[in-house]
Amino acid sequence: MEEKKVIVITGASSGIGEAIAKELASQGHPVVLGARRTDKLAQIKNEVEATGGQAAYRQVDVTSLEEVQALAQTALTEFGRIDVWINNAGLMPHSLLIDAKVDDWNRMIDVNLRGTLYGIAAAQPIFHEQNTGHLINLGSVASLYSHVGGAVYSATKWGVKAISESLREEEAQAGHNVRVTTIYPGAVQSELVSHMTDPARREASQQFYDQFAIPAERIATIVSQAIAMPADTALNDIVVRPINQVQ
Ligand SMILES: NC(=O)c1ccc[n+]([C@@H]2O[C@H](COP(=O)([O-])OP(=O)(O)OC[C@H]3O[C@@H](n4cnc5c(N)ncnc54)[C@H](OP(=O)(O)O)[C@@H]3O)[C@@H](O)[C@H]2O)c1
């Protein structure tokens, strides 16, 4: 490996975040894991270290700016810098608007949207001080389309797209050598569907995922490629789907 990068990942306790952590750690990058379930984070740290990698973790609820900033501080304390910050924590409890599942709406807004903003708020000043950095946000194909049952999830992921694009322009203008990458996955195997609160939608989504979803390691491969680009080049927007997923 040419260069070791310190990589912070939110939502690292399962699915895409876990796969990214393991893949990048296997390439020699120190990884800093954030999520609420510390038993899972401790297990992943142990697995990374058992294979010769470096990892640290901290319990983080991304709806708290203070906790997200503490995650950044953990990275600085353990490894001295942050090269890549990945805003990955998210949830997708689909439902019809008529069902007014306000708690689910608020959790998606808090985690998917506010959590992404808090990650930017924690990482961006550090990147400016270092005069380099890389912000990676997890959008979704739901950032590009909206369907029955997906109104609020899509609204949050469209928001992630909007924030990413403004951030990219602001960083390019500021000239601090900060790259911005947004990844827009289709169906990927993870715990995402299992946390859906509407039983009928969960079952329908599970059937779709059982048929089409690709392994989370595919997203880890994309992240690996994005961070390996030469420092003067940014992979900005990447849509990745199962080959037979229509939208
Ligand atoms: N799987 C897909 O098909 C797909 C497609 C497009 C985009 N995405 C996006 O990919 C990202 C990762 O999702 P996934 O598919 O890997 O699902 P997942 O397996 O359910 O992982 C979600 C992660 O987010 C964390 N999380 C949830 N709420 C949190 C909070 N308040 N604070 C901190 N961490 C929190 C969870 O950890 P704890 O529960 O331990 O906190 C978990 O590690 C999400 O942003 C999702 O929208 C997924």
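Two strands count as paired here if DSSP finds at least two bridges between them. With that in hand, welcome to a predicted model in which strand β6 makes a good starting point: T182 has D237 of β7 as its bridge partner. From there we can visit the nonpolar cores, then an aromatic cluster in helix α6, and finally the loop that follows.

**Strand β6 and its partners**

- On one side, β6 pairs with β7 (residues 237-240) in the parallel sense, over four bridges.
- β6 also pairs with β5 (residues 133-138), again in the parallel sense, and here there are six bridges.
- Within that β5 pairing, L135 sits opposite V180 of β6.
- To get from β5 to β6 the chain passes through α5, and this β-α-β crossover is right-handed.
- β6 is mostly covered, with eight of its eight residues buried.
- In a regular strand, side chains alternate between the two faces of the sheet.
- For β6, V178, V180, T182 and Y184 point one way, while R179, T181, I183 and P185 point the other way, and all are buried.

**The nonpolar cores**

- The largest nonpolar core has 36 residues, and the members touching the most others are V8, V32, I82, W85, F127 and L135.
- Elements that each supply at least two residues of this core include α3 (65-79), α4 (102-130), α5 (151-174) and β6 (178-185).
- Of these, α4 gives the most, with seven residues.
- I82 is a handy residue to click on: setting aside neighbours within four places in sequence, I82 is in contact with V6, V8, A72, A75, L76, I126, F127 and Q130.
- There is also a second, separate core of 31 residues, and A12, A19, A21 and L41 are among its members.

**Aromatic residues of α6**

- Searching the whole structure turns up two aromatic pairs.
- One of them joins F208 and Y209 edge-to-face, with 6.1 Å from centre to centre and 65 degrees between the planes.
- The F208 and F212 rings have centres 4.8 Å apart and planes at 45 degrees, so this pair is tilted; edge-to-face would need planes over 60 degrees apart, and stacked would need them under 30 degrees.
- Both F208 and F212 belong to helix α6 (residues 199-212), where they lie four residues apart, about one turn of the helix.
- Taken together, F208, Y209 and F212 form one aromatic cluster.
- Y209 counts as buried because its relative accessibility is 15%, under the 20% cut-off.
- F208 has a relative accessible area of 31% and is therefore partly exposed, a class that runs between the 20% and 50% limits.

**The loop after α6**

- A213 is found in the loop between α6 and α7 (217-227).
- A213 is buried, at 11% relative accessible area.
- Not counting residues up to four places away in sequence, A213 touches A187, V188, Q189, F208 and P242, and F208 is also a member of the aromatic cluster described above.
- A213 and Q245 are 32 residues apart along the chain, and their C-alpha atoms are separated by 8.6 Å.

Note on methods: Residues are numbered from 1 along each chain as its sequence is written. This is a predicted model: local features need pLDDT of at least 70, side-chain atom pairs count only at pLDDT 80 or more; totals for chains, interfaces and linings use all residues. Side-chain values use heavy atoms; hydrogens and water are left out. A nonpolar core is a set of buried Ala, Val, Leu, Ile, Met, Phe, Trp, Tyr and Cys residues joined through side-chain atoms within 4.5 Å. Buried means under 20% relative accessible area, exposed over 50%, partly exposed in between (1.4 Å probe, protein chains only). Contact means heavy atoms within 4.5 Å. Rings of Phe, Tyr and Trp (its six-membered ring) pair if their centres lie within 6.5 Å; planes under 30 degrees apart count as stacked, over 60 as edge-to-face and the rest as tilted. A crossover is right-handed if, with the strands pointing away from the viewer, the path from the first strand over the helix to the second runs clockwise.
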